[in-house]
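Please open the model in your viewer and keep the sequence panel beside it, since each stop on this tour begins with a selection and then says what is to be found there.

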Amino acid sequence: MSLLLLNASNRIAQGFLKVAAESGKYEKIICADIFPTYFTVQRLLKFKSSLSANIELFKIGDRQDLHDVIKQANNVLYVSHDYYQTTASKKNLLVATLDLVKNRNYKTVAYVAPVEHDHQEEIDEWKHLEVEGRRSIPQLVGIRSDITFGPQSTFTNKLASRIYNGESIYFQSTGQSCAPIFTGDLEQIVAQVLAGSHAGKLLLAKGHKHIDFKSIIHLIEDSLGTTYKAKLNQSFIEKVIHPTNNCIIGQQLYCPSYINLTKLIANYKALENTGYDQVVGDKLVDIEEYHKNNKTVIDQSLKADYQLSYLVG
C-alpha cells in the first residue's frame, strides 16, 4: 500500500508524514510539492532524514506532473501549502487534484485545510470546494482546522521565531478568539482518516478552549523564557507601510509568510460549527497547559533563504 502526500514540505504536513511513516502501513510514501525555492526542499529533506520509511520526493511543475504522481499511489492526502506569493490561488491545485482523483479507485482520499495556510483574500472559497468535492468523490474526507499550536504548527512557530529574534510583530486584531488545536491531536485525527474513519465526512478540527491572539503571544513568550518579550507594533517602518496593506512597496519590504501572518490576525473570523458533519478535537491538549509545561525551542539551523531578499523580514 502506498500514500501520496501532496504539499508535503510545510510543518503541518511533516507531522502527518511522521505519523504515516511510523505506522508501518505503507510500502512507499511519495511526498509531492511544487517546491518553489531551495529552502522548501531543504526543510523537507532534513525532516525526511529523521524517518526510516521508504519516502520519495516528487516535484510538481505542471498538470502532467500531478497526473503522473497521482497514478503512483492508492491513498491520497492533500494538505494546503504555506506558499503565499508564488501561487495566485490556494484552491487551484486542490481543484486539479480532485479532478484527477475522481476517476481513479482510491482507498482513501482526504484533504486538510489549516486556517493559517489560507490566502486571506480567498478564505470563503473552501465551502464551495468542499461541496463540489464530495459530489464527485463520495469517499472524500475534508478536514478544516482552526489555528494550530505545537512543534509542527506554522502559526505559533512563526510567532515564536519573531519573538526569539527580537523582530517586530505588526498586531491589529479583530478581538475574536480562536479554538487552537494541538498539532499532535490533528495528526491523530488524520491517522484515523487514513485508517478508514470518517469516510465521506466534512470535519472541523478545533480545540475546546477559546483564546485571543494576544494571549497566545504571551503564552509563547513565557515558554521561550523570561528574557523574551514580543515587540508589538514597535517598527517605525511598519507604522508607515504596514504589512496588511496590499501595496507593491509592502510586498518588497516583507516576506509573504509574515504578510499572511499579520493579515490572519487582523482578519480572523471564528470558525462556526455549522456546515460540518462533525466537530473533532474536543477535550484534547490544552494550549495553556501545553505552553506552561513545554519550553518552545527555535530551530535556527534552517534559515529561509528567500526571506533574505526582503528588507524587514
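A salt bridge is here a side-chain nitrogen of Lys or Arg lying within 4 Å of a carboxyl oxygen of Asp or Glu. With that cut-off, the structure, which is a predicted model, holds nine salt bridges.

**Stop 1: a network of charged side chains**

Select Arg63, Asp99 and Lys102, which are linked with one another in a network of salt bridges. Begin with the pair formed by Asp99 and Arg63, whose closest N and O atoms are 2.6 Å apart. This pair links distant parts of the chain, for Asp99 belongs to helix 4 (residues 91–101) and Arg63 to helix 3 (residues 63–70), with their positions 36 residues apart in sequence. Then turn to Lys102, whose side chain meets that of Asp99 in a salt bridge with an N to O distance of 3.1 Å.

Are these side chains buried, partly exposed or exposed? Asp99 is partly exposed at 31% relative accessibility, Arg63 is partly exposed at 42%, and Lys102 is likewise counted as partly exposed, with a relative accessible area of 38%.

**Stop 2: a pair with one buried partner**

Next select Arg162 and Glu167, which form a salt bridge whose closest N and O atoms are 3.9 Å apart. Colour the two residues separately, and note that Arg162 is buried, with a relative accessible area of 3%, whereas Glu167 is partly exposed at 25% relative accessibility.

**Stop 3: Val190 and its contacts**

Move now to helix 7 (residues 183–194) and select Val190, which is found there. Val190 has a relative accessibility of 2% and therefore counts as buried. Which residues is Val190 in contact with, once its neighbours within four places in sequence are left aside? Display the side chains of Phe16, Leu77, Val112 and Ile143, since these are the residues that Val190 contacts. While Val190 is still selected, draw a distance to Ala20: the two residues are 170 residues apart in sequence, and their C-alpha atoms are 9.3 Å apart in space.

**Stop 4: Thr262 in helix 11**

Select Thr262, whose place is in helix 11 (residues 256–267), and which is buried, with a relative accessible area of 1%. Show the backbone atoms as well, and follow the side chain of Thr262 to the backbone oxygen of Ile259, which it reaches at 2.8 Å. Apart from neighbours within four places in sequence, Thr262 is in contact with Tyr170, Pro243 and Thr244.

**Stop 5: a nonpolar patch on the surface**

Switch on the molecular surface and select Phe236, Ile237 and Val240, which make a nonpolar surface patch of about 330 Å². Ile237 lies in helix 9 (residues 236–240), and at 39% relative accessibility Ile237 counts as partly exposed.

**Stop 6: the cysteines**

A disulfide is a covalent bond between the sulfur atoms of two cysteines. How many disulfides does a search of the whole structure find? The search finds zero disulfides. For a last selection, take Cys178 and Cys247 and compare their settings: Cys178 is buried, with a relative accessible area of 0%, while Cys247 counts as partly exposed at 21% relative accessibility.

How values were computed: Residues are numbered from 1 along each chain as its sequence is written. This is a predicted model: local features need pLDDT of at least 70, side-chain atom pairs count only at pLDDT 80 or more; totals for chains, interfaces and linings use all residues. Side-chain values use heavy atoms; hydrogens and water are left out. A disulfide is a pair of cysteine sulfur atoms within 2.5 Å. Buried means under 20% relative accessible area, exposed over 50%, partly exposed in between (1.4 Å probe, protein chains only). Patches are made of residues with over 30% relative accessible area and no salt bridge: like charges are joined within 9 Å, nonpolar side chains (Val, Leu, Ile, Met, Phe, Trp, Tyr) within 5 Å. Accessible areas come from the Shrake-Rupley method with a 1.4 Å probe; for residues, only the protein chains shown count as cover. Helices (H or I, at least four residues) and strands (E, at least two) are DSSP runs, numbered from the N terminus. A polar contact is a pair of N or O atoms within 3.5 Å; within protein, one must be able to donate a hydrogen and the other to accept it, and residues adjacent in sequence count only if both atoms are side-chain atoms. Contact means heavy atoms within 4.5 Å.
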